[in-house]
Amino acid sequence: MTSFDKYSSFKSRGEREIARFFDRQQIAYEYEYPLAVVDRGKTKIWHPDFALPEYGVILEYFGMNGNSSYNEQMAHKMKVYQEAGINGIYLTESTMRGPWQEMVIERIEQTLEGKLRKIQRHRMDINLGNTG
């Protein structure tokens, strides 16, 4: 009897590594979860590699390096996510050679700290009577 490898459904070695890391850290994720974005004036459904619903963050792994049209697509995706206000973490094959796990945790922390600062500013505005 063969055991099911839950990581076999991932499209690349990098995605499998990322999923294993999230599992070890007990970070809940959705793989290729549908996400509506506005791209060139049209609403489209994209499927980022990982959505981290507890943190409001997506993670994209760009595994092809050195291909100019792929690099243009990568830059375009990041720009669309940024313009939509979607917090993204972006990894490439080269960034995964370094301490990428630490970088991912730091980016999640930065996103949460930014959200907390925004809430604190709203609270201060309410307390100062600036509710307009």
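Is Lys44 buried, exposed or partly exposed? Select Lys44 and show its surface: with a relative accessible area of 31%, Lys44 is partly exposed, where buried means under 20% relative accessible area, exposed means over 50% and partly exposed lies in between, computed with a 1.4 Å probe on protein chains only. Before going further, bear in mind that this is a predicted model, in which local features need pLDDT of at least 70 and side-chain atom pairs count only at pLDDT 80 or more, while totals for chains, interfaces and linings use all residues. Residues are numbered from 1 along each chain as its sequence is written, and side-chain values use heavy atoms, with hydrogens and water left out.

**Salt bridges**

Keep Lys44 selected and add Asp39, since the two form a salt bridge (a side-chain nitrogen of Lys or Arg within 4 Å of a carboxyl oxygen of Asp or Glu), and here the closest N and O atoms are 3.3 Å apart. Asp39, in contrast to its partner, is buried, with a relative accessible area of 3%. Now add Arg40 to the selection, and you will have a network of salt bridges that links Asp39, Arg40 and Lys44.

The structure holds seven salt bridges. For another of them, select Lys6 and Asp23, whose side chains meet at 3.0 Å, N to O. This pair links distant parts of the chain, 17 residues apart, with Lys6 in the segment before helix 1 and Asp23 in helix 1; helices (H or I, at least four residues) and strands (E, at least two) are DSSP runs, numbered from the N terminus. Lys6, at 40% relative accessibility, counts as partly exposed, and Asp23, at 27%, counts as partly exposed too.

Next, select Lys11 and Glu32, where a salt bridge joins the side chains at 2.7 Å, N to O. Lys11 lies in the segment before helix 1 and Glu32 in the loop between strand 1 and strand 2 (35-39), so the pair ties together parts that are 21 residues apart in sequence. Lys11 is exposed, with a relative accessible area of 63%, whereas Glu32, with 23%, is partly exposed.

**The sheet and its helices**

Switch to a cartoon view and look for the open sheet of four strands, which has the order 1-4-5-6 and mixed pairing; two strands pair if DSSP finds at least two bridges between them. Strand 1 (30-31) and strand 6 stand at the edges, each with a single partner strand, so one side of each is left without a neighbour in the sheet. Select strand 5 and strand 6 together, and you have two strands that pair in the parallel sense over six bridges; within this pairing, Leu59 has Ile89 in strand 6 as its bridge partner.

Then add helix 2 (residues 68-83), which packs on the sheet and touches strand 5 and strand 6, its direction making about 175 degrees with that of strand 5. Helix 3 also packs on the sheet, touching strand 4, strand 5 and strand 6, and its direction makes about 170 degrees with that of strand 6. For these angles, axes are lines fitted to C-alpha atoms, for helices over the stretch in contact, and angles run from 0 to 180 degrees between N-to-C directions.

**The nonpolar core**

In soluble globular proteins, nonpolar side chains tend to be buried together. A nonpolar core is a set of buried Ala, Val, Leu, Ile, Met, Phe, Trp, Tyr and Cys residues joined through side-chain atoms within 4.5 Å. Select Ile18, Phe22, Tyr29, Phe50, Leu59, Leu91 and Val104, which, of the 19 residues in the largest nonpolar core, touch the most other members. Helix 1 (13-24), strand 4 (50-52), strand 5 (57-62), strand 6 (87-92) and helix 3 (100-127) each supply at least two residues of this core, and the largest share, four residues, comes from helix 1. Apart from this core lies another, of seven residues, among them Trp46, Ala51, Ile58 and Tyr81.

**Two buried polar residues**

Which strand holds Glu60? Glu60 lies in strand 5, and with a relative accessible area of 1% this residue is buried. Show the side chain of Tyr81 as well, and look for the polar contact of 2.8 Å that joins it to the side chain of Glu60; a polar contact is a pair of N or O atoms within 3.5 Å, where, within protein, one must be able to donate a hydrogen and the other to accept it, and residues adjacent in sequence count only if both atoms are side-chain atoms.

Finish at Thr111 in helix 3, which is buried, with a relative accessible area of 8%. The side chain of Thr111 reaches the backbone oxygen of Arg107 at 2.9 Å.

Definitions and conventions
Contact means heavy atoms within 4.5 Å.
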